[in-house]
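Trainee: I would like to go through the terms used for this model and see what each of them rests on.
Mentor: Then put the structure up and ask.

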Amino acid sequence: MSRSALEAYSTGGAWWETEISHIKKNEIIIRGERVEDLIGNVSYTQMLFFLLCGKHLTEAQAKLFESVLVAGSDHGPRAPSIAAARMAATCGVSFNSAVATGVNMLGDVHGGAVEEAMSILYKTKENLANHENAVDDKLTEIFNRKGKLPGFGHQLHDDDPRVSRLYELSEELIASGEISGTYLEILASYRDRLSERKGRNMTINVDGISAAIQCELEIPAEAAKGIFALSRGMGIVAHAYEELMSGVRIKGPCPNEEHLVRYTGVQKQTGGEES
Ligand SMILES: CC(C)(COP(=O)(O)OP(=O)(O)OC[C@H]1O[C@@H](n2cnc3c(N)ncnc32)[C@H](O)[C@@H]1OP(=O)(O)O)[C@@H](O)C(=O)NCCC(=O)NCCS
């Protein structure tokens with residue numbers, strides 16, 4: 001149940017309540033652990049998971065999670081987030097503003113498929129417990145509304161090197177018992193059933209495999225866009241920096257060529273009497 005900030009405060013809550021960090025003079029406690037014990041002992045990815053979920057990943061699990069962050073880090077200026085950051089960098093804004101411009105391009109459509117795929121994978125696992133057709137039913141529901149299954153298909157790749165590599169790493173962790181493999185199996189069922197229905201091979205994309213891995217690690221679906229911002233954020237920082245250093249000024253979304261932008265509004269009236 002959501003409450004207004006004022007209501008929570010007036011009924012005895014503190015203005016900010018957090019289970020994450022406790023900051024006092026000369027003392028920083030994060031999720032119950034002293035920051036000096038974390039520094040030097042946990043990796044960036046382990047810290048991200050610890051902050052978010054309050055639990056520690058094993059070294060192997062953290063490496064797999066980190067691989068997801070590495071896989072999503074860059075897709076060149078074809079990706080709107082990268083292009084936007086580079087354009088901003090040519091407009092005289094501060095470097096962090098250029099980075100924020102790129103990050104702010106991430107949404108339900110660009111970078112958002114992971115969250116939706118994770119929700120579907122979590123829900124499908126629940127449904128499979130008492131309904132063996134859960135995968136087919138979900139596909140029927142998506143097909144009926146002429147939707148697309150998130151985590152499948154790509155405008156450019158049909159054999160994405162990121163997907164096969166992440167699969168390979170996941171299989172190592174399934175073999176060593178570090179992850180169960182349940183969500184990867186569900187993802188594979190979706191691939192098989194979707195391919196049958198479409199009558200051709202439908203490929204898992206980087207968002208699909210990243211979603212399954214994050215489900216294996218029990219990361220909440222709602223956190224996916226924030227995590228992707230940290231992953232793609234690396235690429236955005238690098239591209240914005242490169243563009244900034246190039247000294248190019250005011251780079252628009254396309255070259256200044258007439259045919260690239262077409263006016264489709266009302267035409268200017270000609271020959272009418274002046275009033
Ligand atoms: C990425 C995406 C927009 C590419 O779409 P696209 O350019 O239309 O892909 P294709 O041209 O290869 O699609 C061809 C066919 O496969 C179908 N298709 C493609 N991706 C599909 C999906 N995820 N679910 C169901 N059907 C899909 C299309 O509907 C089309 O079917 P048709 O020939 O019967 O009309 C699309 O695959 C998609 O929306 N995927 C889901 C969202 C997602 O995962 N985004 C992250 C991308 S990294």
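The talk below takes up the domains, the salt bridges, the strands and the ligand in turn.

Mentor: This is a predicted model, so local features need pLDDT of at least 70 and side-chain atom pairs count only at pLDDT 80 or more, while totals for chains, interfaces and linings use all residues. Residues are numbered from 1 along each chain as its sequence is written, and side-chain values use heavy atoms, with hydrogens and water left out.

Trainee: How do you know where domain 1 and domain 2 lie in the protein chain?
Mentor: The bounds come from an automatic or database domain assignment. Domain 1 covers 1–41 and domain 2 covers 57–251. Taken over C-alpha atoms, their centres are 30 Å apart.

Trainee: What makes Asp136 and Arg193 a salt bridge?
Mentor: The term requires a side-chain nitrogen of Lys or Arg within 4 Å of a carboxyl oxygen of Asp or Glu. For Asp136 and Arg193 the N to O distance is 2.9 Å, so the pair meets the definition. Asp136 lies in helix α8 (residues 134–144) and Arg193 in helix α10 (residues 182–198), so the salt bridge ties together parts 57 residues apart in sequence. Helices here are DSSP runs of H or I with at least four residues, strands are runs of E with at least two, and both are numbered from the N terminus.

Trainee: Which other residues belong to the network of salt bridges with Asp136 and Arg193?
Mentor: Glu196 and Arg197 are linked with them. Arg197 meets Asp136 at 3.2 Å, N to O. That pair also links α10 to α8, with the two positions 61 residues apart in sequence. The structure holds 17 salt bridges.

Trainee: Why is Asp136 called buried?
Mentor: Buried means under 20% relative accessible area, exposed means over 50%, and partly exposed is in between, with a 1.4 Å probe and protein chains only. Asp136 has 19%, so it counts as buried. Arg193, at 24%, is partly exposed, and so is Arg197 at 33%.

Trainee: What about Arg162 and Asp160, buried or exposed?
Mentor: Arg162 is buried at 15%, and Asp160 is buried at 7%. These two residues form a salt bridge, with the closest N and O atoms 2.8 Å apart.

Trainee: How do you know that strand β1 and strand β2 pair?
Mentor: Two strands pair if DSSP finds at least two bridges between them. Strand β1 (residues 21–24) and strand β2 (residues 27–30) have four, in the antiparallel sense, so the criterion is met. Ser21 stands opposite Ile30 in β2. In the hairpin of β1 and β2, with two residues between the strands, Asn26 takes a positive phi near 60°.

Trainee: What joins β2 to strand β3?
Mentor: Two bridges do, and the strands run antiparallel; β3 spans residues 33–34. Ile30 has Glu33 as its bridge partner in β3. The hairpin of β2 and β3 has two residues between the strands, and Arg31 takes a positive phi near 45° there.

Trainee: What makes the approach of Gly151 to the ligand a polar contact?
Mentor: A polar contact is a pair of N or O atoms within 3.5 Å; within protein, one must be able to donate a hydrogen and the other to accept it, and residues adjacent in sequence count only if both atoms are side-chain atoms. A backbone N or O atom of Gly151 lies 2.8 Å from an oxygen atom of the ligand, so the distance fits. For Lys198, a side-chain N or O atom is 2.9 Å from a ligand oxygen atom.
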